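Trainee: Could you pick one part of this model and take me through it closely? Then tell me how it fits with the rest of the chain.

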Amino acid sequence: MFVRIVLWDLNGTPATIESLRTYLRDESVDAFAGVEGLLFKAWVSDSERNLWGAVYLWESRAAATQELPSRARELIGKGPDSAQELDLEATTEGVHGAPSLSRLGLAFER
């Protein structure tokens, strides 16, 4: 398995964290739900530092090389400022009350 972590500094770009949250709700989360070989994707932000990004967990490196249904680069106006690709060493899921890990987070809190 394979992990990719990408981060954007939104300072000086046309995108805001709120506009990107709307993009998640309206388009991106549903688009990524159909990506072959994607085990998990979490979108992340830091409003104090104006950062936006994502953590992907892939079945394989080959799956991670496919074209993705993302308009993040277009909306932000540039590629990520940081991108790391890593081998997955281990995972676990703790005890929690969430029925699913899908559709959690600020983008879905209204």
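Mentor: Let's start with Arg-103, which sits in the segment after strand S4 (82-87); helices (H or I, at least four residues) and strands (E, at least two) are DSSP runs, numbered from the N terminus. Keep in mind that this is a predicted model: local features need pLDDT of at least 70, side-chain atom pairs count only at pLDDT 80 or more, and totals for chains, interfaces and linings use all residues. Residues are numbered from 1 along each chain as its sequence is written, and side-chain values use heavy atoms, with hydrogens and water left out.

Arg-103 is not a glycine, yet its phi is positive, at about 60°. Its relative accessible area is 42%, so it counts as partly exposed (buried is under 20%, exposed over 50%, partly exposed in between, with a 1.4 Å probe and protein chains only). Ser-100 belongs to the segment after S4 as well, and at 35% relative accessibility Ser-100 is partly exposed too. The side chain of Ser-100 reaches the backbone nitrogen of Ser-102 at 3.0 Å. That fits the polar contact rule: a pair of N or O atoms within 3.5 Å, where, within protein, one must be able to donate a hydrogen and the other to accept it, and residues adjacent in sequence count only if both atoms are side-chain atoms. If you want to place Ser-100 against another part of the chain, take Ser-70: the two are 30 residues apart along the chain, and their C-alpha atoms are separated by 23 Å.

Now for the rest of the chain. It has three helices and four strands, running β-α-β-β-α-α-β from the N terminus on. The radius of gyration is 14 Å, close to the 13 Å that the globule rule gives for 110 residues, so the chain is as compact as a globular protein of that length. That radius is taken over C-alpha atoms, and the rule is 2.2 Å times the number of residues to the power 0.38. Along the principal axes, the C-alpha atoms fill a box of roughly 35 × 30 × 25 Å. Of the 110 residues, 30% are buried. Take contacts with a separation of 6 or more: residues 24 or more positions apart account for 72% of them, a contact being heavy atoms within 4.5 Å.

A good place to look for partners from other elements is Arg-4, in strand S1 (residues 2-9). Is Arg-4 buried or exposed? It counts as buried, at 15% relative accessibility. Its side chain makes a polar contact of 2.7 Å with the side chain of Glu-85. Setting aside residues up to four places away in sequence, Arg-4 touches Ala-54, Val-55, Tyr-56, Trp-58, Ala-64, Gln-84 and Glu-85.

Follow Ala-64 from that list into helix H2 (residues 61-64). Ala-64 is buried at 4% relative accessibility, and beyond its neighbours within four places in sequence it is in contact with Phe-2, Arg-4 and Trp-58. From Ala-64 to Glu-85 the C-alpha distance is 9.7 Å, with their positions 21 residues apart in sequence. Step on to Thr-65 and you are in the loop between H2 and helix H3 (72-76); Thr-65 is exposed, at 64% relative accessibility. A polar atom of the Thr-65 side chain lies 2.7 Å from the backbone oxygen of Ala-62.

Ala-54 and Val-55 turn up again with Ala-42, which contacts Gly-53, Ala-54 and Val-55 once its neighbours within four places are left out. Ala-42 is in strand S2 and is partly exposed at 21% relative accessibility. For a link back to the far end of the chain, the C-alpha atoms of Ala-42 and His-96 are 17 Å apart, at 54 residues along the chain. The loop between strand S2 (38-46) and strand S3 (51-58) holds Asn-50, which, like Arg-103, has a positive phi without being glycine; for Asn-50 the value is near 60°.
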